[in-house]
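Please walk me through this structure in prose, beginning with the way its strands are arranged and moving on to the helix packing, the enclosed space and some individual residues.

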Amino acid sequence: MAVKGLDIFKLSPKKNCKECGCPTCMAFCMKVAQGALPITKCPYMSEEAIALLSEATAPPMKALEVAGHKLGGETVLFRHEKTFVSRNLFAIELCTCMDDAAVDAKLAQMKSVDYERIGEREYVEFINVHDAGDAARFAELAKKAAACERGVILETENVDSAKAAVEAIKDAKPILNGANKDNYAAMSEIATAAGIVLGVHAADLSELHDTVEALEKSGNKNLILDVTGATIKQTFANAVLVRRTALKDGDRTFGYPSIVNLATLCKYDEHLATALAAVFTLKYGSIIVMPRMTYAEALPLYGLRQNIFTDPQKPM
């Protein structure tokens with residue numbers, strides 16, 4: 001049962017100190033009840049109250065912070081219900097199958113897209129490094145991606161390749177995306193040891209649910225769900241059903257941010273990927289991996305993102 005703002009207020013210190021950023025304790029408690037602020041934002045809340053309220057007031061979707069960016073923490077399916085909390089982020093993909101010239105050209109292209117619009121910096125936040133079977137090349141590209149000072153996603157299902165790449169850039173705190181029903185225990189061990197987020201992928205939602213459940217039972221809740229399917233239709237259904245199951249049905253097993261890899265899904269068709277990126281900006285892709293990002297893609301996509309991921313009650 002959802003906790004009401006008045007119930008939280010009864011346990012608050014009632015100091016109206018404004019240190020939480022809200023004008024009154026009542027205003028703060030209402031925001032906590034809505035899931036907009038964590039209870040720990042109040043510096044004077046007692047430990048007993050925090051223990052009592054933390055689980056009850058936590059949003060149904062876990063909030064993560066990766067490479068300085070917030071992911072997840074959403075409480076509604078539609079913007080008009082309240083507001084979205086964390087805007088989606090974009091990544092470009094590097095593959096071990098690419099030669100150095102192609103990699104350098106893509107990184108240069110990515111770096112050129114960096115501008116300010118309405119007071120917000122618009123740029124590519126992540127680089128997704130895909131392992132096509134060359135472990136040494138994978139670690140090399142991981143280092144090159146980390147040197148760009150962007151968030152890094154290491155996409156591999158090979159445990160040895162994952163271990164070597166994570167070790168090579170462990171200070172960058174990448175996302176390790178590659179856990180599945182067969183390797184999740186080993187992948188979780190690598191991610192937990194490095195203190196990084198683990199990405200989980202499966203053939204279908206039932207398998208994904210079972211794998212996430214197993215990871216949670218082992219104590220790992222620092223997860224992100226790769227909902228990319230074999231087809232566009234399956235990927236769209238996965239993204240919507242995962243979010244709906246968490247927010248409407250209250251199933252916290254699916255209450256994690258999501259990755260949609262359009263580079264893989266569209267087989268590097270840039271025009272199709274751009275069209276689908278607009279779809280998954282609207283429909284629950286927390287991180288959207290693109291085959292490339294030029295101004296031709298960035299201007300409409302980032303403009304759309306700003307329209308969706310802003311608070312309608314706060315004019316820009």
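Two strands are said to pair if DSSP finds at least two bridges between them. The model discussed here is a predicted one, and in it strands S3 and S6 meet that condition, pairing in the parallel sense over 5 bridges. On another side of the pairing pattern, S3 is joined to strand S12, which spans residues 287-290, by 4 bridges, again in the parallel sense. Ala91 takes part in both pairings, since its bridge partner in S6 is Phe126, while its bridge partner in S12 is Val289.

These pairings belong to a wider arrangement, in which 8 strands close into a barrel in the order S3-S6-S7-S8-S9-S10-S11-S12, with parallel pairing. From one strand to the next, the twist averages 25°. Further along that order, strand S6 (residues 126-130) runs parallel to strand S7 (residues 151-155), and 5 bridges join the two; within this pair, Asn128 stands opposite Ile153 of S7.

Strand S3, made up of residues 89-95, is mostly covered, with 7 of its 7 residues buried. The cover extends to both faces of S3, for Leu89, Ala91, Glu93 and Cys95 are buried on one side, and Phe90, Ile92 and Leu94 are buried on the other.

Helix H8 (residues 205-217) lies across two strands, S9 (198-201) and S10 (223-226), and runs at about 150° to S9. Val212 is found in this helix, and it counts as buried because its relative accessibility is 0%, where the limit for a buried residue is under 20%. When residues up to four places away in sequence are not counted, Val212 touches Val200, Leu223, Leu225, Thr253 and Tyr256. Val212 and Tyr184, which are 28 residues apart in sequence, have C-alpha atoms 8.9 Å apart in space.

Tyr256 also appears in a relation with the start of strand S1, which comprises residues 63-66 and contains Ala63. The C-alpha atoms of Ala63 and Tyr256 are separated by 7.5 Å, although the two residues are 193 residues apart along the chain. Leaving aside its neighbours within four places in sequence, Ala63 is in contact with Lys70, Leu71, Gly72 and Gly73. With a relative accessibility of 41%, Ala63 counts as partly exposed.

The loop between S10 and helix H9 (232-247) is the place of Thr228. Thr228 has a relative accessible area of 8% and is therefore buried. Its contacts, not counting residues up to four places away in sequence, are with His201, Thr235, Ile259, Val260, Asn261 and Leu265. The C-alpha atoms of Thr228 and Leu262 are 8.0 Å apart, with their positions 34 residues apart along the chain.

What space is enclosed within the structure? It holds 4 cavities of 30 Å³ or more, and the largest cavity contains about 110 Å³ of space. This largest cavity is lined by 15 residues, of which Glu74, Ser86, Arg243, Ser286 and Phe309 are the closest to its centre. The elements that give two or more residues to this lining are strand S2 (69-72) and helix H11 (270-282). By character, the lining residues of the largest cavity divide into 6 nonpolar, 6 polar and 3 charged.

Two backbone conformations complete the tour. Most residues other than glycine have a negative phi. Lys173, however, has a positive phi of about 50° although it is not a glycine, and Lys173 is found in the loop between helix H6 (159-168) and strand S8 (175-179). Tyr284, likewise a residue other than glycine, has a positive phi near 75°, and its place is in the loop between H11 and S12.

Are these two loop residues buried or exposed to some degree? Lys173 is partly exposed, because its relative accessible area of 41% falls between the limits of under 20% for buried and over 50% for exposed. Tyr284, by contrast, has a relative accessible area of 6% and is therefore buried.

Technical notes. Residues are numbered from 1 along each chain as its sequence is written. This is a predicted model: local features need pLDDT of at least 70, side-chain atom pairs count only at pLDDT 80 or more; totals for chains, interfaces and linings use all residues. Side-chain values use heavy atoms; hydrogens and water are left out. Axes are lines fitted to C-alpha atoms, for helices over the stretch in contact, and angles run from 0 to 180 degrees between N-to-C directions. Contact means heavy atoms within 4.5 Å. Buried means under 20% relative accessible area, exposed over 50%, partly exposed in between (1.4 Å probe, protein chains only). On a 1 Å grid over the protein atoms alone, a cavity is a set of points where a 1.4 Å probe fits but cannot get out, and a pocket is an open set with protein on both sides within 12 Å along at least five of seven lines; lining residues have an atom within 4 Å of a point. Grid points are joined across faces, edges and corners, and a volume is the space filled by probe spheres set on the points. Ala, Val, Leu, Ile, Met, Phe, Trp, Tyr, Cys and Pro count as nonpolar, Asp, Glu, Lys and Arg as charged, and the others, Gly among them, as polar.
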